[in-house]
Amino acid sequence: MLVLSVIFTLSSCNSENDKVVEEEGNDQIIDRVIESNEYMEFRVSCMALAEKLKSYTSTLSLEEFDELMSNLNNDDYMAELVGKIDVKNELLMVESTKETLLNYADFQQLDASERMNLFVRSSDNALNMMVKTCSEGGAADECERRRNEDYSYASSIYVSAMLACSCATGGIGVCLCAVAASAAYEYAITLADRSFADCLKNAK
């Protein structure tokens, strides 16, 4: 019994050590992917599409913008929208960089949850570089923290959705999925900004 107990203990320790080593190894892979040209170019292409769509939606009235949001799953409506904006180059770039990322060896080693971890961490890194937090302290800081979290979440969900979109290959085509995902991302950012404004009002 004593021998079996020692063997079981050693086995358990080895399993835990293997798990820790595996997690550390996966974290290192995620870090490499975040810093890779393959991932950075895919993320940049996604954001370029979002910016192009925003340049159009910024001209819409509140009612027109809400109508767009309610028709994201309407292929006819979205096809008409694509006809109004020139996003052909952006869509092609998204498709090209996505295929490059999917063929990247380190990225292929990550499972679905690890890829989402990648998207969240890269979104947090981007916010840390671009967004300056309030310096007043107190409630205003909390409002800013919440908005940053909303931005990060929206960005990670957007990039994840873009990866799942299957655009037309072998030709230009129109990827309504990518355009709808970009519009949904913009809406999420809009809601985050509205919540931030309401938070600041209540903080006064």
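**Exercise 1. Determine in which helix of the protein confidence is lowest and in which it is highest.**

Solution. Begin with pLDDT, the predictor's confidence in each residue on a scale from 0 to 100: its mean is lowest, at 62, in helix α1 (residues 2-35), and highest, at 96, in helix α6 (residues 105-108). Next, look at residues 18-22, where the pLDDT is below 50 and where the model has 0 contacts beyond near neighbours in sequence, a contact being heavy atoms within 4.5 Å. Residues 169-173 also stay under 50, but for these the model has 5 contacts beyond four places in sequence. Finally, the protein averages a pLDDT of 81, with 77% of the residues scoring at least 70.

This is a predicted model, in which local features need pLDDT of at least 70 and side-chain atom pairs count only at pLDDT 80 or more, while totals for chains, interfaces and linings use all residues. Residues are numbered from 1 along each chain as its sequence is written, and side-chain values use heavy atoms, with hydrogens and water left out.

**Exercise 2. Work out how many helices and strands the protein has, and what share of its residues is buried.**

Solution. Taking helices as DSSP runs of H or I with at least four residues and strands as runs of E with at least two, numbered from the N terminus, one finds 9 helices and 0 strands. Of the 204 residues, 36% are buried, that is, under 20% relative accessible area with a 1.4 Å probe and protein chains only. Among contacts between residues at least 6 apart in sequence, 79% join residues at least 24 apart.

**Exercise 3. Explain why the buried residues of α3 lie on the same side of the helix.**

Solution. First identify the buried residues of α3, which are Phe 65, Leu 68 and Met 69. They lie on the same side of α3 because they cover an arc of only 100° around the axis, the arc being that of the directions from the helix axis to the C-beta atoms. An α-helix has 3.6 residues a turn, so residues three or four places apart point the same way. The cover over the buried residues of α3 includes α2 (37-57), α4 and α9 (176-203).

**Exercise 4. Find which helix supplies the largest share of the lining of the second largest pocket.**

Solution. The lining includes Tyr 56, Leu 60, Leu 68 and Lys 84. Both α3 (62-69) and α4 (75-84) supply at least two lining residues, and the largest share, 4 residues, comes from α4.

Methods: On a 1 Å grid over the protein atoms alone, a cavity is a set of points where a 1.4 Å probe fits but cannot get out, and a pocket is an open set with protein on both sides within 12 Å along at least five of seven lines; lining residues have an atom within 4 Å of a point. Buried means under 20% relative accessible area, exposed over 50%, partly exposed in between (1.4 Å probe, protein chains only).
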